[in-house]
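Welcome, and let's take a walk through this fold together. Have the sequence and the 3D view open, and we will go from one part to the next.

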Amino acid sequence: MRAETRDHIEAIEKSLHLYSQRIGWESAKHRLEEFNARVEDPTLWDDPAGAQKLMRDRQTLVDQIAAYESLSGDLEMNRELIEMGEMEDDAEVVAEAETAIAALAEKAAQKELEALLDGEADGNDTFLEINAGAGGTEACDWAQMLQRMYVRWAEAHGYEVELQSEEAGAEAGIKSVAYKISGKNAYGWLKSESGVHRLVRISPFGKGTRETSFASVWVYPVVDENIDIEVNPADIRVDTFRSSGAGGQHVNTTDSAVRITHLPTGIVTTSSMKSQHQNRDIAMTALKARLYQMELDRRTADINAAHEAKGSAGWGNQIRSYVLQPYQMVKDLRTNHETSDTAGVLDGDLDGFMAATLAQQLSGKSRAEAGVE
């Protein structure tokens, strides 16, 4: 057996061990039996929200058990094929099994990361907002580049992407945009993207100079039906206004756009894509999601890191730098994960950055500690 294949097998075994710990493998099948018993309870759907949560939790456990058994079985099968091929001097069988094990190592690593998405809201759909920061027209253009990057990432992962609101830049790009992204673990994956993103490039607007632009990204979970967030009507101000989209496929001119301001916190949410009634519902849902995110932050030890990561959209607060000139590099300043494939990243290849942040969170390192390392 080649050394590279032995390394792959060792990595798979390590991932399986960590995965089994995260999902509680020893009690997994017993918990599934309990879920199955509760599903058969004729009174289950008397509480629709509770029933839906139970069914989601049950399906998550079913998927985890299936994934662990599949990975374990595939590893053992291909290990036996290699042994058999070497005994019979069948190089083709050995080569096929080694290729399968290499692919299995990547799959096991991915499942290990998915198992880290066990936070209270990680499995939820998510809202994603992008706002242009310091840099004028350059920043608006940068915000639109980020818009494309995240939409491409979401679509590549099979998520549903729904535009909530959009404000065009004065000359180019966008001042702001908001999406609802729906699918399993959407918030869990995207939550690491909250913060300020910095771009360095040669200006495409005729200046020919190197420019630095900033944009902020804010990610927060869509509130489950069974999570009750109360909003006092006296604490909000509702404004309607005229809004126009960026043109092209986003043409949208309406007097029914809605802006809701939560006076105690200063949170502002908007929707400008549908009727006034629908826009109010969308903006209120987004407000509740923001308030829920604040509560999650308050209840976790990472609140200071969250504030540090968000900051204002300008110098000193960025979580990631995208350098296109004078060299090609995207680097996350929290994890030090980097790549020279800037085109791939801007085309939505963000998994490596998200995985690095999840791994850092598992290790318990703060942003400052990771930066020192």
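A good place to begin is a pair of strands: β1 and β3 run antiparallel to each other and are joined by six bridges. If you look for a landmark along this pairing, find Thr126, which sits opposite Ile181 of β3. Keep in mind as you look that this is a predicted model.

Stay with β3 for a moment, since β2 also pairs with β3, again in the antiparallel sense, this time over eight bridges. Here Glu162 faces Lys180 of β3. The two strands β2 and β3 make a hairpin, with five residues between them. In the turn you will find Gly173, whose phi is positive, at about 65°. How much of β3 is buried? Seven of its nine residues are, so the strand is mostly covered.

Now step back to see the whole sheet. Strands of a sheet pair through backbone hydrogen bonds, and they can do so in a parallel or an antiparallel way. In this open sheet there are eight strands, arranged in the order β2-β3-β1-β5-β4-β9-β10-β11, and their pairing is mixed. At the edges lie β2 (160-168) and β11 (338-339), each of which pairs on one side only. To reach the β11 edge, follow β10, residues 329-332, which runs antiparallel to β11 and is joined to it by two bridges. Val330 is the residue to look for there, as it stands opposite Thr339 in β11.

Next, turn to a helix that meets this sheet. Helix α5, residues 136-156, lies across β1, β2, β3, β4, β5 and β9. Relative to β5, the helix α5 runs at about 45°.

Our last stop is a pair of helices. Two packed helices are described by the angle between their axes and by the distance between those axes. For α1 (residues 3-23) and α4 (residues 91-114), the angle is about 30° and the axes are 9 Å apart. The angle is under 35 degrees, so α1 counts as roughly parallel to α4. The crossing of α1 past α4 is left-handed. Among the residues making this contact are Ile9, Ile12 and Leu18 of α1, together with Ile101, Leu104 and Ala109 of α4. Sorted by class, the contact holds 10 nonpolar, three polar and three charged residues.

Let's finish on Ala109, which belongs to helix α4. Its relative accessibility is 33%, so Ala109 counts as partly exposed. Although Ala109 and Leu16 are 93 residues apart along the chain, their C-alpha atoms are separated by 8.5 Å.

Conventions: Residues are numbered from 1 along each chain as its sequence is written. This is a predicted model: local features need pLDDT of at least 70, side-chain atom pairs count only at pLDDT 80 or more; totals for chains, interfaces and linings use all residues. Side-chain values use heavy atoms; hydrogens and water are left out. Two strands pair if DSSP finds at least two bridges between them. Helices (H or I, at least four residues) and strands (E, at least two) are DSSP runs, numbered from the N terminus. Contact means heavy atoms within 4.5 Å. Axes are lines fitted to C-alpha atoms, for helices over the stretch in contact, and angles run from 0 to 180 degrees between N-to-C directions. Angles under 35 degrees count as roughly parallel, over 145 as roughly antiparallel, 65 to 115 as roughly perpendicular and the rest as oblique. A crossing is left-handed if the near helix is turned anticlockwise from the far one by less than a right angle, and right-handed if clockwise. Ala, Val, Leu, Ile, Met, Phe, Trp, Tyr, Cys and Pro count as nonpolar, Asp, Glu, Lys and Arg as charged, and the others, Gly among them, as polar. Buried means under 20% relative accessible area, exposed over 50%, partly exposed in between (1.4 Å probe, protein chains only).
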